[in-house]
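Please walk me through this structure in the viewer, one selection at a time. I would like to know what to select next and what is there.

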Amino acid sequence: MTGWTLVQGGARQRGRRAHQDMSRKTIILPKGHQNGKRARAGSPWIFSNEIRMDDAAKAIAPGAIVNVRGDDGQAFGTGYFNPKSLIAVRLLSGECDAVIDADFFAARLGRALALRERFHARPFYRLCHAEGDGLPGLVIDRFDDTLSVQSGTAGMERQTDAIMSALDRLIGPRTVILRGDAPTRALEGLETQVRVVKGEGRRIQLEENGARYFADLAEGQKTGWYYDQRDNRAFIASLARGKSVLDAFSYAGGFGILAAKAGAREVICLDSSAPALALAEESARANAVTVKAVKADVFEELERLSASGETFDIVVADPPPFVKSKKDLEAGARAYRKLARMAARVTAEGGILLLASCSHNISADRFALECAAGLLRTGRRAALIRQAGAGPDHPVHPMLPESAYLKALVYALD
Ligand code: SAH
(Lines give C-alpha, C1' and ligand atoms only; values in the text may rest on other atoms or scores of the structure.)
Protein backbone atom coordinates (compact mmCIF):
# COMPACT_ATOMS: atom_id res chain seq x y z
CA MET A 1 0.00 0.00 0.00
CA THR A 2 1.30 3.42 -0.90
CA GLY A 3 -0.98 5.43 1.43
CA TRP A 4 0.13 7.79 4.17
CA THR A 5 0.62 6.06 7.43
CA LEU A 6 0.35 8.10 10.52
CA VAL A 7 3.69 7.78 12.23
CA GLN A 8 4.52 9.53 15.47
CA GLY A 9 7.97 10.99 15.41
CA GLY A 10 10.27 11.71 12.56
CA ALA A 11 9.73 8.87 10.08
CA ARG A 12 9.97 10.07 6.52
CA GLN A 13 6.79 9.77 4.54
CA ARG A 14 6.10 10.08 0.89
CA GLY A 15 2.75 11.22 -0.41
CA ARG A 16 0.34 9.27 -2.52
CA ARG A 17 0.09 10.26 -6.14
CA ALA A 18 -3.21 11.31 -7.73
CA HIS A 19 -2.97 9.20 -10.84
CA GLN A 20 -6.60 9.53 -11.75
CA ASP A 21 -7.17 13.23 -11.12
CA MET A 22 -7.44 14.33 -14.75
CA SER A 23 -9.10 17.61 -13.77
CA ARG A 24 -6.03 18.90 -11.95
CA LYS A 25 -4.53 21.87 -13.74
CA THR A 26 -0.85 22.63 -14.09
CA ILE A 27 0.71 26.01 -13.38
CA ILE A 28 3.74 26.71 -15.51
CA LEU A 29 6.85 28.57 -14.41
CA PRO A 30 8.59 29.92 -17.49
CA LYS A 31 12.33 29.49 -17.35
CA GLY A 32 14.48 32.52 -16.98
CA HIS A 33 14.71 35.58 -14.77
CA GLN A 34 14.52 34.62 -11.16
CA ASN A 35 11.36 32.58 -11.63
CA GLY A 36 11.00 29.87 -9.05
CA LYS A 37 14.42 30.55 -7.57
CA ARG A 38 13.13 30.66 -4.04
CA ALA A 39 10.79 27.73 -4.62
CA ARG A 40 13.70 25.71 -6.01
CA ALA A 41 15.59 26.49 -2.82
CA GLY A 42 12.65 25.16 -0.79
CA SER A 43 10.29 28.09 -0.27
CA PRO A 44 6.60 27.11 -0.28
CA TRP A 45 5.61 30.35 -2.04
CA ILE A 46 5.42 31.10 -5.75
CA PHE A 47 4.54 34.66 -6.72
CA SER A 48 2.09 35.70 -9.43
CA ASN A 49 4.84 37.37 -11.46
CA GLU A 50 6.79 34.12 -11.59
CA ILE A 51 4.15 32.06 -13.35
CA ARG A 52 2.56 32.03 -16.79
CA MET A 53 -0.65 33.89 -15.92
CA ASP A 54 -2.55 33.16 -19.16
CA ASP A 55 -6.32 32.86 -19.62
CA ALA A 56 -6.23 29.20 -18.67
CA ALA A 57 -4.53 30.04 -15.37
CA LYS A 58 -6.86 32.96 -14.68
CA ALA A 59 -9.84 30.64 -15.18
CA ILE A 60 -8.74 28.29 -12.40
CA ALA A 61 -10.99 28.61 -9.36
CA PRO A 62 -9.37 30.40 -6.39
CA GLY A 63 -7.99 27.79 -4.03
CA ALA A 64 -7.91 24.88 -6.49
CA ILE A 65 -5.24 22.22 -6.04
CA VAL A 66 -2.71 22.41 -8.88
CA ASN A 67 0.56 20.90 -10.04
CA VAL A 68 3.42 23.30 -10.59
CA ARG A 69 6.05 22.63 -13.24
CA GLY A 70 8.75 24.56 -15.04
CA ASP A 71 8.26 24.94 -18.79
CA ASP A 72 11.12 22.46 -19.08
CA GLY A 73 9.00 19.93 -17.21
CA GLN A 74 10.74 20.28 -13.83
CA ALA A 75 8.33 19.35 -11.04
CA PHE A 76 7.92 21.96 -8.28
CA GLY A 77 5.15 20.05 -6.56
CA THR A 78 1.51 20.22 -5.54
CA GLY A 79 -0.02 23.35 -4.12
CA TYR A 80 -3.07 25.49 -4.12
CA PHE A 81 -3.54 28.38 -6.47
CA ASN A 82 -5.25 31.73 -6.26
CA PRO A 83 -5.18 33.93 -9.38
CA LYS A 84 -6.24 36.91 -7.22
CA SER A 85 -3.37 36.67 -4.76
CA LEU A 86 0.17 38.02 -5.00
CA ILE A 87 1.34 34.72 -3.57
CA ALA A 88 -0.19 32.75 -6.43
CA VAL A 89 0.75 29.27 -5.25
CA ARG A 90 1.45 27.90 -1.83
CA LEU A 91 3.06 24.48 -2.08
CA LEU A 92 1.76 21.63 0.04
CA SER A 93 4.06 18.91 -1.28
CA GLY A 94 7.30 18.76 -3.22
CA GLU A 95 5.81 16.15 -5.55
CA CYS A 96 3.36 16.72 -8.37
CA ASP A 97 0.04 14.84 -8.23
CA ALA A 98 0.14 14.47 -4.43
CA VAL A 99 -3.29 13.58 -3.03
CA ILE A 100 -4.58 16.34 -0.76
CA ASP A 101 -7.31 14.79 1.37
CA ALA A 102 -8.14 13.95 4.99
CA ASP A 103 -5.24 11.45 5.11
CA PHE A 104 -2.83 14.15 3.98
CA PHE A 105 -4.04 16.52 6.70
CA ALA A 106 -4.05 13.77 9.33
CA ALA A 107 -0.40 13.07 8.53
CA ARG A 108 0.72 16.71 8.64
CA LEU A 109 -1.37 17.56 11.69
CA GLY A 110 -0.25 14.33 13.36
CA ARG A 111 3.33 15.47 12.95
CA ALA A 112 2.44 18.92 14.33
CA LEU A 113 0.69 17.33 17.31
CA ALA A 114 3.61 15.02 18.09
CA LEU A 115 5.94 18.04 18.09
CA ARG A 116 3.73 19.99 20.52
CA GLU A 117 3.47 17.00 22.82
CA ARG A 118 7.24 16.98 23.14
CA PHE A 119 7.30 20.38 24.80
CA HIS A 120 3.87 20.89 26.32
CA ALA A 121 2.55 18.43 28.89
CA ARG A 122 -0.92 19.96 28.81
CA PRO A 123 -3.16 20.25 25.72
CA PHE A 124 -2.98 24.04 25.41
CA TYR A 125 -0.93 25.33 22.52
CA ARG A 126 -0.85 26.46 18.92
CA LEU A 127 -1.36 23.11 17.21
CA CYS A 128 -0.69 24.30 13.69
CA HIS A 129 1.32 27.34 12.62
CA ALA A 130 0.70 27.46 8.87
CA GLU A 131 3.84 27.23 6.70
CA GLY A 132 5.91 26.30 9.75
CA ASP A 133 3.93 23.08 10.02
CA GLY A 134 3.78 22.43 6.27
CA LEU A 135 0.19 23.71 6.03
CA PRO A 136 0.28 27.19 4.47
CA GLY A 137 -2.61 29.40 5.52
CA LEU A 138 -3.83 27.18 8.37
CA VAL A 139 -3.62 28.23 12.01
CA ILE A 140 -5.12 26.11 14.78
CA ASP A 141 -5.04 26.90 18.49
CA ARG A 142 -5.88 24.12 20.90
CA PHE A 143 -7.62 24.66 24.21
CA ASP A 144 -7.95 21.05 25.37
CA ASP A 145 -11.03 19.73 23.54
CA THR A 146 -11.84 23.08 21.93
CA LEU A 147 -10.15 24.09 18.70
CA SER A 148 -10.02 27.49 17.08
CA VAL A 149 -9.33 27.04 13.38
CA GLN A 150 -8.31 29.90 11.12
CA SER A 151 -7.97 29.60 7.34
CA GLY A 152 -6.23 32.62 5.90
CA THR A 153 -6.40 31.56 2.25
CA ALA A 154 -8.93 30.39 -0.32
CA GLY A 155 -6.89 27.20 -0.76
CA MET A 156 -7.17 26.21 2.90
CA GLU A 157 -10.79 27.30 3.07
CA ARG A 158 -11.63 24.76 0.36
CA GLN A 159 -10.04 22.01 2.47
CA THR A 160 -12.18 22.68 5.53
CA ASP A 161 -14.01 19.32 5.40
CA ALA A 162 -10.79 17.35 5.02
CA ILE A 163 -9.18 19.31 7.89
CA MET A 164 -12.21 18.73 10.14
CA SER A 165 -12.18 15.03 9.47
CA ALA A 166 -8.42 14.83 10.16
CA LEU A 167 -8.91 16.72 13.45
CA ASP A 168 -11.76 14.38 14.43
CA ARG A 169 -9.44 11.44 13.89
CA LEU A 170 -6.48 12.92 15.76
CA ILE A 171 -8.08 14.82 18.62
CA GLY A 172 -11.85 14.33 18.56
CA PRO A 173 -12.59 17.91 19.61
CA ARG A 174 -15.85 18.70 21.36
CA THR A 175 -16.01 22.26 20.08
CA VAL A 176 -14.62 23.73 16.88
CA ILE A 177 -14.77 27.40 16.03
CA LEU A 178 -13.94 28.49 12.51
CA ARG A 179 -12.44 31.94 12.67
CA GLY A 180 -12.70 33.35 9.20
CA ASP A 181 -11.44 36.77 10.18
CA ALA A 182 -7.71 36.72 9.40
CA PRO A 183 -6.68 40.03 7.81
CA THR A 184 -5.16 38.10 4.86
CA ARG A 185 -8.60 36.87 3.83
CA ALA A 186 -9.49 40.07 2.02
CA LEU A 187 -6.39 39.67 -0.18
CA GLU A 188 -7.67 36.20 -1.03
CA GLY A 189 -11.17 37.36 -1.91
CA LEU A 190 -12.70 35.66 1.14
CA GLU A 191 -15.40 37.12 3.34
CA THR A 192 -15.15 37.53 7.09
CA GLN A 193 -17.10 35.12 9.25
CA VAL A 194 -16.81 33.43 12.62
CA ARG A 195 -18.80 30.23 13.07
CA VAL A 196 -19.09 27.56 15.74
CA VAL A 197 -19.18 24.47 13.52
CA LYS A 198 -19.11 21.83 16.22
CA GLY A 199 -20.35 21.80 19.79
CA GLU A 200 -21.23 25.03 21.48
CA GLY A 201 -19.81 27.74 23.65
CA ARG A 202 -16.96 29.97 22.85
CA ARG A 203 -15.82 30.82 26.34
CA ILE A 204 -12.99 28.61 27.40
CA GLN A 205 -10.54 28.14 30.20
CA LEU A 206 -6.93 27.48 29.46
CA GLU A 207 -3.73 26.71 31.29
CA GLU A 208 -0.39 28.27 30.58
CA ASN A 209 2.75 28.35 32.71
CA GLY A 210 0.69 26.79 35.50
CA ALA A 211 -1.84 29.65 35.58
CA ARG A 212 -5.51 29.51 34.59
CA TYR A 213 -6.91 32.00 32.13
CA PHE A 214 -10.23 32.69 30.46
CA ALA A 215 -10.71 33.60 26.84
CA ASP A 216 -13.59 34.17 24.47
CA LEU A 217 -12.85 32.51 21.17
CA ALA A 218 -15.50 34.14 19.06
CA GLU A 219 -15.40 37.61 20.54
CA GLY A 220 -11.76 37.77 21.41
CA GLN A 221 -9.05 38.99 19.13
CA LYS A 222 -7.31 36.82 16.57
CA THR A 223 -7.89 33.23 17.69
CA GLY A 224 -8.87 34.43 21.19
CA TRP A 225 -5.58 33.85 22.99
CA TYR A 226 -1.97 34.75 22.27
CA TYR A 227 0.03 31.62 22.99
CA ASP A 228 3.02 33.24 21.28
CA GLN A 229 4.03 35.19 24.41
CA ARG A 230 4.04 32.13 26.71
CA ASP A 231 7.81 32.01 27.30
CA ASN A 232 8.11 35.79 27.58
CA ARG A 233 5.36 35.81 30.21
CA ALA A 234 7.27 33.17 32.17
CA PHE A 235 10.47 35.23 31.95
CA ILE A 236 8.77 38.38 33.24
CA ALA A 237 7.07 36.40 36.01
CA SER A 238 10.45 35.02 37.08
CA LEU A 239 11.52 38.60 37.93
CA ALA A 240 8.25 39.72 39.52
CA ARG A 241 8.34 38.57 43.14
CA GLY A 242 7.73 41.57 45.38
CA LYS A 243 7.68 43.99 42.44
CA SER A 244 5.12 46.41 41.05
CA VAL A 245 4.08 45.56 37.48
CA LEU A 246 2.36 47.55 34.75
CA ASP A 247 0.94 45.27 32.02
CA ALA A 248 0.13 47.74 29.24
CA PHE A 249 -2.01 46.42 26.37
CA SER A 250 -2.83 43.57 28.74
CA TYR A 251 -5.67 42.00 26.73
CA ALA A 252 -6.92 39.18 29.02
CA GLY A 253 -4.01 39.57 31.44
CA GLY A 254 -1.46 37.18 29.92
CA PHE A 255 1.56 38.85 31.53
CA GLY A 256 -0.12 40.46 34.53
CA ILE A 257 -1.86 37.43 35.97
CA LEU A 258 1.28 35.31 35.84
CA ALA A 259 3.34 38.07 37.45
CA ALA A 260 0.75 38.32 40.24
CA LYS A 261 0.84 34.56 40.70
CA ALA A 262 4.62 34.74 40.94
CA GLY A 263 4.29 37.11 43.91
CA ALA A 264 4.23 40.61 42.42
CA ARG A 265 3.30 43.20 45.04
CA GLU A 266 0.99 45.14 42.72
CA VAL A 267 -0.20 44.51 39.16
CA ILE A 268 -2.08 46.88 36.88
CA CYS A 269 -3.63 45.52 33.69
CA LEU A 270 -4.16 48.39 31.28
CA ASP A 271 -6.24 48.02 28.12
CA SER A 272 -8.88 49.90 26.16
CA SER A 273 -11.14 46.84 25.90
CA ALA A 274 -13.65 46.32 28.72
CA PRO A 275 -14.39 42.67 27.72
CA ALA A 276 -10.65 41.87 27.71
CA LEU A 277 -10.25 43.40 31.18
CA ALA A 278 -13.29 41.47 32.44
CA LEU A 279 -11.55 38.26 31.36
CA ALA A 280 -8.38 39.38 33.18
CA GLU A 281 -10.35 39.99 36.37
CA GLU A 282 -12.02 36.60 36.08
CA SER A 283 -8.62 34.96 35.59
CA ALA A 284 -7.25 36.78 38.61
CA ARG A 285 -10.03 35.31 40.76
CA ALA A 286 -9.40 31.83 39.36
CA ASN A 287 -5.76 32.11 40.39
CA ALA A 288 -6.58 33.66 43.76
CA VAL A 289 -4.60 36.82 42.98
CA THR A 290 -5.51 40.47 42.69
CA VAL A 291 -4.87 42.71 39.71
CA LYS A 292 -6.17 46.19 39.14
CA ALA A 293 -7.89 46.49 35.76
CA VAL A 294 -7.72 49.96 34.23
CA LYS A 295 -9.64 50.77 31.08
CA ALA A 296 -7.79 53.53 29.27
CA ASP A 297 -5.81 54.43 26.21
CA VAL A 298 -2.25 53.34 26.94
CA PHE A 299 -0.61 56.45 25.47
CA GLU A 300 -2.86 58.76 27.49
CA GLU A 301 -2.42 56.75 30.67
CA LEU A 302 1.38 56.64 30.31
CA GLU A 303 1.33 60.42 29.86
CA ARG A 304 -0.76 60.81 32.99
CA LEU A 305 1.41 58.40 35.04
CA SER A 306 4.65 60.06 34.06
CA ALA A 307 3.21 63.53 34.72
CA SER A 308 2.37 62.40 38.26
CA GLY A 309 5.78 60.71 38.64
CA GLU A 310 4.43 57.20 39.14
CA THR A 311 6.77 54.34 38.26
CA PHE A 312 6.72 50.54 38.21
CA ASP A 313 9.50 48.01 38.78
CA ILE A 314 8.41 46.09 35.68
CA VAL A 315 6.66 47.51 32.63
CA VAL A 316 5.35 45.37 29.78
CA ALA A 317 4.16 47.03 26.58
CA ASP A 318 2.80 44.49 24.08
CA PRO A 319 0.65 46.54 21.71
CA PRO A 320 -1.45 45.55 18.70
CA PRO A 321 0.46 45.64 15.38
CA PHE A 322 1.40 49.25 14.58
CA VAL A 323 2.67 48.29 11.11
CA LYS A 324 -0.30 46.56 9.50
CA SER A 325 1.02 46.88 5.95
CA LYS A 326 4.28 47.95 4.33
CA LYS A 327 2.99 51.45 3.69
CA ASP A 328 2.50 51.95 7.44
CA LEU A 329 6.16 51.24 8.19
CA GLU A 330 7.33 54.78 8.93
CA ALA A 331 4.27 55.77 10.95
CA GLY A 332 4.34 52.46 12.84
CA ALA A 333 8.07 52.77 13.52
CA ARG A 334 7.47 56.22 15.04
CA ALA A 335 4.71 54.78 17.23
CA TYR A 336 7.06 52.06 18.54
CA ARG A 337 9.69 54.71 19.27
CA LYS A 338 7.18 56.87 21.12
CA LEU A 339 5.88 53.92 23.11
CA ALA A 340 9.43 52.93 24.10
CA ARG A 341 10.09 56.47 25.35
CA MET A 342 6.84 56.73 27.27
CA ALA A 343 7.10 53.24 28.78
CA ALA A 344 10.68 53.91 29.90
CA ARG A 345 9.52 57.08 31.70
CA VAL A 346 7.26 55.02 33.98
CA THR A 347 9.86 52.29 34.57
CA ALA A 348 11.46 52.68 38.00
CA GLU A 349 15.17 53.05 38.56
CA GLY A 350 16.73 49.62 38.18
CA GLY A 351 13.53 48.43 36.57
CA ILE A 352 12.75 46.03 33.75
CA LEU A 353 10.99 46.96 30.52
CA LEU A 354 9.60 44.57 27.91
CA LEU A 355 8.74 46.03 24.52
CA ALA A 356 7.04 43.78 21.98
CA SER A 357 5.89 43.98 18.39
CA CYS A 358 3.63 41.52 16.61
CA SER A 359 3.86 43.39 13.28
CA HIS A 360 4.87 41.16 10.36
CA ASN A 361 5.88 44.25 8.44
CA ILE A 362 8.68 45.60 10.64
CA SER A 363 11.98 43.72 10.82
CA ALA A 364 13.53 42.72 14.13
CA ASP A 365 16.47 45.05 13.43
CA ARG A 366 14.28 48.07 12.69
CA PHE A 367 12.11 47.41 15.74
CA ALA A 368 15.19 47.17 17.97
CA LEU A 369 16.51 50.41 16.51
CA GLU A 370 13.27 52.28 17.20
CA CYS A 371 13.09 50.93 20.74
CA ALA A 372 16.69 51.97 21.39
CA ALA A 373 16.05 55.46 20.01
CA GLY A 374 12.96 55.88 22.19
CA LEU A 375 14.66 54.60 25.34
CA LEU A 376 17.78 56.70 24.95
CA ARG A 377 15.70 59.83 24.46
CA THR A 378 14.82 59.54 28.14
CA GLY A 379 18.50 59.86 29.05
CA ARG A 380 18.43 56.48 30.79
CA ARG A 381 21.09 53.85 30.28
CA ALA A 382 19.49 50.64 29.06
CA ALA A 383 20.90 47.13 28.72
CA LEU A 384 19.20 44.64 26.44
CA ILE A 385 18.96 41.46 28.49
CA ARG A 386 16.73 39.28 26.32
CA GLN A 387 15.72 39.18 22.67
CA ALA A 388 13.00 36.66 22.06
CA GLY A 389 10.24 35.69 19.70
CA ALA A 390 7.33 33.32 19.90
CA GLY A 391 7.55 29.95 21.63
CA PRO A 392 8.29 26.65 19.89
CA ASP A 393 4.62 25.96 19.15
CA HIS A 394 5.00 28.72 16.53
CA PRO A 395 7.52 27.06 14.22
CA VAL A 396 8.87 29.06 11.31
CA HIS A 397 9.50 27.71 7.82
CA PRO A 398 13.28 28.00 7.37
CA MET A 399 12.85 29.71 3.99
CA LEU A 400 10.43 32.28 5.44
CA PRO A 401 12.37 33.76 8.35
CA GLU A 402 10.40 37.00 7.91
CA SER A 403 7.25 35.17 9.03
CA ALA A 404 8.70 35.16 12.58
CA TYR A 405 6.55 38.17 13.38
CA LEU A 406 6.85 38.41 17.18
CA LYS A 407 9.73 40.38 18.66
CA ALA A 408 10.08 40.84 22.40
CA LEU A 409 12.97 42.89 23.78
CA VAL A 410 13.63 43.06 27.49
CA TYR A 411 15.76 45.87 28.90
CA ALA A 412 17.22 46.53 32.32
CA LEU A 413 17.15 50.28 32.94
CA ASP A 414 19.51 52.21 35.21
N1 SAH B 1 -0.31 41.49 25.96
C2 SAH B 1 -1.46 40.72 25.59
C3 SAH B 1 -1.82 40.85 24.15
C4 SAH B 1 -2.09 42.26 23.69
S5 SAH B 1 -3.09 42.39 22.27
C6 SAH B 1 -1.26 39.28 25.96
O7 SAH B 1 -0.22 38.92 26.55
O8 SAH B 1 -2.14 38.46 25.70
C9 SAH B 1 -3.30 44.11 22.14
C10 SAH B 1 -4.27 44.70 23.12
O11 SAH B 1 -4.15 46.11 23.00
C12 SAH B 1 -5.73 44.40 22.89
O13 SAH B 1 -6.27 43.84 24.04
C14 SAH B 1 -6.39 45.77 22.61
O15 SAH B 1 -7.66 45.91 23.22
C16 SAH B 1 -5.41 46.70 23.24
N17 SAH B 1 -5.31 48.06 22.70
C18 SAH B 1 -5.20 48.43 21.42
N19 SAH B 1 -5.00 49.77 21.33
C20 SAH B 1 -4.99 50.25 22.60
C21 SAH B 1 -4.81 51.54 23.17
N22 SAH B 1 -4.55 52.61 22.41
N23 SAH B 1 -4.85 51.66 24.51
C24 SAH B 1 -5.09 50.59 25.28
N25 SAH B 1 -5.23 49.33 24.80
C26 SAH B 1 -5.20 49.16 23.46
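The tour goes to the ligand and then to one strand with its partners; the model is predicted.

**The ligand**

Select the ligand and the residues around it. There are 16 of these residues, and R233, D271, D297, V298 and D318 come nearest. Colour the shell by residue type: seven of its residues are nonpolar, five are polar and four are charged.

Now show the side chains of three aspartates. In D271, a side-chain N or O atom lies 2.6 Å from an oxygen atom of the ligand. Move to D297, where the side chain has an N or O atom 2.8 Å from a nitrogen atom of the ligand. For D318, the distance from a side-chain N or O atom to a ligand nitrogen is 2.7 Å. Switch on the surface next: the ligand taken alone exposes 580 Å², and the protein buries 88% of that.

**Strand 17**

Select residues 347-357, which form strand 17. Is this strand enclosed or open? It is largely enclosed by the rest of the structure, because nine of its 11 residues are buried.

Add strand 16, residues 312-317, which pairs with strand 17 in the parallel sense over five bridges. To find one bridge, pick V316 and its partner L354 in strand 17. Then show helix 10, residues 329-345: the chain runs from strand 16 through this helix to strand 17, a right-handed β-α-β crossover.

Last, add strand 19, residues 407-413. Strand 19 and strand 17 pair in the antiparallel sense, with six bridges. Pick L353 to end the tour; Y411 in strand 19 stands opposite this residue.

Methods: Residues are numbered from 1 along each chain as its sequence is written. This is a predicted model: local features need pLDDT of at least 70, side-chain atom pairs count only at pLDDT 80 or more; totals for chains, interfaces and linings use all residues. Side-chain values use heavy atoms; hydrogens and water are left out. A residue is near a molecule or strand if one of its heavy atoms lies within 4 Å of it. A polar contact is a pair of N or O atoms within 3.5 Å; within protein, one must be able to donate a hydrogen and the other to accept it, and residues adjacent in sequence count only if both atoms are side-chain atoms. Accessible areas come from the Shrake-Rupley method with a 1.4 Å probe; for residues, only the protein chains shown count as cover. Ala, Val, Leu, Ile, Met, Phe, Trp, Tyr, Cys and Pro count as nonpolar, Asp, Glu, Lys and Arg as charged, and the others, Gly among them, as polar. Buried means under 20% relative accessible area, exposed over 50%, partly exposed in between (1.4 Å probe, protein chains only). Helices (H or I, at least four residues) and strands (E, at least two) are DSSP runs, numbered from the N terminus. Two strands pair if DSSP finds at least two bridges between them. A crossover is right-handed if, with the strands pointing away from the viewer, the path from the first strand over the helix to the second runs clockwise.
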